[in-house]
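Ready for some practice in reading a protein model? Take a good look before you start, and try each exercise before reading its solution.

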Amino acid sequence: WTKLPRSLRMRDKRADFVVGSLGGHIVAIGGLGNQPCPLGSVESFSLARRRWEALPAMPTARCSCSSLQAGPRLFVIGGVAQGPSQAVEALCLRDGSEGLVGAVHWSSSLPEAAISMAPFAAEDTHCGSVG
C-alpha cells in the first residue's frame with residue numbers, strides 16, 4: 001500500500017459509497033460525508049490525467065448502494081436516502097466519448113428495485129438482481 005499525495009485524493013470526503021468503472025475511469029458515487037444526509041455527488045478518477053473530476057450529481061442522493069457496470073452504463077441500485085431507497089439510476093456514457101466530463105448523463109427511468117440486493121450482469125447487455 002502507498003499513501004497517495006493530497007493532490008490525488010477525492011474532492012469530497014466520503015464513506016459508505018459505491019465505486020465502479022466507466023469509460024476507463026474509476027467512478028465514486030454517493031456515500032456519507034461530514035453532514036448527516038447522504039451525498040449525491042459523483043467524481044471520476046482519470047488514470048491518464050491522475051486527477052479527480054466532478055461529474056453530474058446522481059438524481060437520488062444515497063449511501064449503502066450497490067453498483068453494476070453493464071456496457072456503457074454504471075447502475076446504482078437501492079441503498080439508503082432519508083430511509084431505504086428503491087431507486088435504480090444509471091450513469092450513461094455517450095457513444096464515442098473520450099473522457100467522462102461532459103460525456104455522461106443520468107437515466108432514472110428504470111424499474112424500482114428491492115432495498116437489499118445483489119446485482120449481476122450477463123453478456124454486457126442484460127443485468128438483474130437477487131435479494
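Below are three exercises on this predicted model, each with a worked solution.

**Exercise 1. The sheet**

Work out the strand order of the open sheet of four strands, and find its edge strands.

*Solution.* Start with the order, which is S5-S6-S7-S8 with antiparallel pairing. Next, look for strands that pair on one side only: these are S5 (66-70) and S8 (104-107), the edge strands. From one strand to the next, the twist averages 20°. Now zoom in on one pairing: S6 (residues 73-77) and S7 (residues 88-93) run antiparallel and are joined by five bridges. For Ile77, the bridge partner in S7 is Val88.

**Exercise 2. An arginine in a loop**

Decide whether Arg62 is buried or exposed, and find the backbone oxygen that its side chain reaches.

*Solution.* First locate Arg62: it sits in the loop between strand S4 (51-55) and S5. Its relative accessibility is 0%. Buried means under 20%, so Arg62 counts as buried. Then follow the side chain of Arg62, which reaches the backbone oxygen of Val76 at 2.8 Å. Finally, check the neighbours: leaving out residues up to four places away in sequence, Arg62 touches several residues, among them Gly30, Pro38, Val76, Ile77 and Glu89.

**Exercise 3. An aromatic pair**

Classify the pair formed by Phe45 and Trp52 as stacked, tilted or edge-to-face.

*Solution.* The count of aromatic pairs comes to one. In this pair, Phe45 and Trp52 lie 5.2 Å apart centre to centre, with 50° between the planes. Stacked needs under 30 degrees and edge-to-face over 60, so the pair of Phe45 and Trp52 is tilted. Both Phe45 and Trp52 are buried.

Key: Residues are numbered from 1 along each chain as its sequence is written. This is a predicted model: local features need pLDDT of at least 70, side-chain atom pairs count only at pLDDT 80 or more; totals for chains, interfaces and linings use all residues. Side-chain values use heavy atoms; hydrogens and water are left out. Rings of Phe, Tyr and Trp (its six-membered ring) pair if their centres lie within 6.5 Å; planes under 30 degrees apart count as stacked, over 60 as edge-to-face and the rest as tilted. Buried means under 20% relative accessible area, exposed over 50%, partly exposed in between (1.4 Å probe, protein chains only). Two strands pair if DSSP finds at least two bridges between them. Helices (H or I, at least four residues) and strands (E, at least two) are DSSP runs, numbered from the N terminus. Axes are lines fitted to C-alpha atoms, for helices over the stretch in contact, and angles run from 0 to 180 degrees between N-to-C directions. A polar contact is a pair of N or O atoms within 3.5 Å; within protein, one must be able to donate a hydrogen and the other to accept it, and residues adjacent in sequence count only if both atoms are side-chain atoms. Contact means heavy atoms within 4.5 Å.
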